[in-house]
Amino acid sequence: MNTTVFCFGELLLRMSPSLGGEWIAQNSMPVYIGGAELNVATALGCWNVPVRYGTALPDHYLTDEILTYVRSREIDTSVVHRSGERIGTYYLPQGADLKNAGVIYDRAYSSYWQLKPGMINWKEALAGCGWFHFSAISPALNEDAVEVLEEALEVATAMGLKISIDLNYRAKLWKYGKTPQEIMPRLVKYCDLVMGNIWAAGNLLGIPIDAGVHLQDDKNVFLAHATKTAAAIREQYPRCEWVANTFRFDEGNGIRYYASLDSAAGQSVSPLFETQLVVDKIGSGDCFMGGLIYGFWNELEPAQTIGYAAAAAFGKLQEKSDATRQTENDVKRLLNAQAVNP
């Protein structure tokens, strides 16, 4: 594939206070530039995949500084829509997981939140692109965000782009009177590649989850369930060819991690990755998604694709930021080491 990947979603600033009053005493709080789709774009930029990022940001000097940084990561920002007055933010204490109850979102009335259909010329924005990626975070904001995505997906489909989605579920964001299962089928029907896990597929799409499966802690059971979940998704959404599922389990202060990629032709499984120390969990799933797109863009075999994606996600756990800085060689070294020492 010799065309550009287009990632579309909200750019977010992560405020990461050190609790216990330390951030107040020191008058200091680390700020990270992220957002699910931007994290994917950043990974692709690291791995020499041409990538363009679409979002909405205010027309002021903070945006100028942010976009200068984003461009330094080999990301095309030429179609970023300048509108509105706010950059979306969220607060997450240092060392916490994004799914932890401690996350505080401050995204209402941001520039992206205020996007409406008709504001973006999608034919121009997607010119020269062969892939469109988005996540389930955007449609959790409001119904306008859903309609903007539908508009984009219709144009992307008409232009022949491949389309992928990350089924990342954030319960705290679905607050505008619609359930995920009312909204997400409208968007997933356009997708060629669906990434998530068996629990997210249940929450967002209503795909059944076997009772008590989480209690068995058996890799073979989980992988069999991934195949069943993937088959149900492909049956419900005929355009979908590929379904990827991740399995990340806390082991004390460490992590046990593996992933699968299913199609009608069968299932490919990554090596099992384990570590006793995690630096930062944020963005690991986005890095995995970037690895999947990298594999498809480079026309790798399914086993190579899922191996690269899982290694990239695992490597991200040792980086303190929202987005990875791993090179292709970094990811490949980690994957090769795991293959030698399974």
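## Rings that pair

Tyr 308 has a relative accessibility of 2%, and it therefore counts as buried, since the cut-off for that word is under 20%. The model in which this residue is described is a predicted one, and every value in this report was computed from it.

How many aromatic pairs are there in the structure? The count comes to 23 aromatic pairs. In one of them, the ring centres of Trp 47 and Tyr 308 lie 5.2 Å apart while the ring planes stand at 85°, so this pair is edge-to-face. Because Trp 47 sits in the loop between helix 2 and strand 4 (51-54), whereas Tyr 308 belongs to helix 11 (residues 302-316), the pair ties together parts that are 261 residues apart in sequence. Trp 47, like its partner, is buried, and its relative accessible area is 1%.

The rings of Phe 247 and Tyr 258 also have their centres 5.2 Å apart, but their planes meet at 20°, so this second pair is stacked. Phe 247 is part of strand 12 (residues 242-251) and Tyr 258 is part of strand 13 (residues 254-263), so the parts tied together here are 11 residues apart in sequence. Phe 247 counts as buried at 0% relative accessibility, and Tyr 258 is buried too, with a relative accessible area of 1%. Elsewhere, ring pairs link Phe 6, Phe 8, Tyr 112, Trp 122, Phe 132 and Phe 134 into a cluster.

## Two nonpolar cores

The largest nonpolar core has 52 residues, and the members that touch the most other members are Val 5, Leu 11, Leu 44, Trp 47, Phe 288 and Leu 292. Leu 44 can serve as an example: when residues up to four places away in sequence are not counted, Leu 44 touches Val 5, Cys 7, Val 49, Val 51, Gly 290, Ile 293 and Tyr 294. Apart from this core lies another one, of 48 residues, and among its members are Ile 120, Ala 145, Ala 156 and Met 184.

## Helix 3 and its buried face

Helix 3 (residues 61-72) has 12 residues, which at 1.5 Å a residue should span 16 Å, and the C-alpha atoms at its ends are 17 Å apart, in agreement with that expectation. Its buried residues are Thr 63, Ile 66, Leu 67 and Val 70. Seen down the axis of helix 3, these buried residues fall within an arc of 95°, so they line one face of the helix. Tyr 61 and Glu 65, on the other side of helix 3, are exposed.

What covers the buried residues of helix 3? The covering elements include strand 2 (12-15), strand 3 (31-34), helix 2 (36-46), strand 5 (56-57) and strand 6 (81-82). Just after the helix, Glu 74 takes a positive phi of about 65°.

## Helix 9 and its surroundings

Helix 9 (residues 219-236) has 18 residues, for which a span of 26 Å is expected at 1.5 Å a residue, and its end C-alpha atoms are indeed 26 Å apart. Phe 222, Leu 223, His 225, Ala 226, Thr 229, Ala 230 and Ile 233 are the buried residues of this helix. They cover an arc of only 160° around the axis, which puts them on the same side of helix 9.

These buried residues pack against strand 11 (193-196), helix 7 (198-205), helix 8 (213-216), strand 12, strand 13 and strand 14 (266-269). Asn 220 and Glu 235 are exposed, and they are carried on the face of helix 9 that is turned away from its buried side.

## Cysteines without a bond

A disulfide is a covalent bond between the sulfur atoms of two cysteines. The structure holds zero disulfides. Why is the sulfur of Cys 240 not bonded to that of Cys 191? The sulfur of Cys 191 is the closest cysteine sulfur to that of Cys 240, but the distance is 7.5 Å, too far for a bond when the limit is 2.5 Å. In the same way, the sulfur of Cys 287 is 8.1 Å from the closest cysteine sulfur, in Cys 46, which is also too far. Cys 240 counts as buried at 4% relative accessibility, and Cys 287 counts as buried at 2%.

Cys 191 is found in the loop between helix 6 (180-188) and strand 11, and it is buried, with a relative accessible area of 0%. Leaving aside neighbours within four places in sequence, Cys 191 is in contact with Phe 134, Ile 163, Ser 164, Ile 165, Arg 239 and Cys 240. Although Cys 191 and Ile 165 are 26 residues apart along the chain, their C-alpha atoms are separated by 6.8 Å.

Notes: Residues numbered from 1 in each chain as written. Predicted model: local features only at pLDDT ≥ 70, side-chain atom pairs only at ≥ 80, totals over all residues. Heavy atoms only, no water. Helix = DSSP H or I, 4+ residues; strand = E, 2+ residues; numbered from the N terminus. Expected span 1.5 Å × (residues − 1). Buried < 20%, exposed > 50% of the residue type's maximum accessible area, 1.4 Å probe, protein only. Arc of directions from axis to C-beta. Contact = heavy atoms within 4.5 Å. Core = buried A, V, L, I, M, F, W, Y, C linked by side-chain atoms within 4.5 Å. Phe/Tyr/Trp six-rings, centres within 6.5 Å; stacked < 30°, edge-to-face > 60°.
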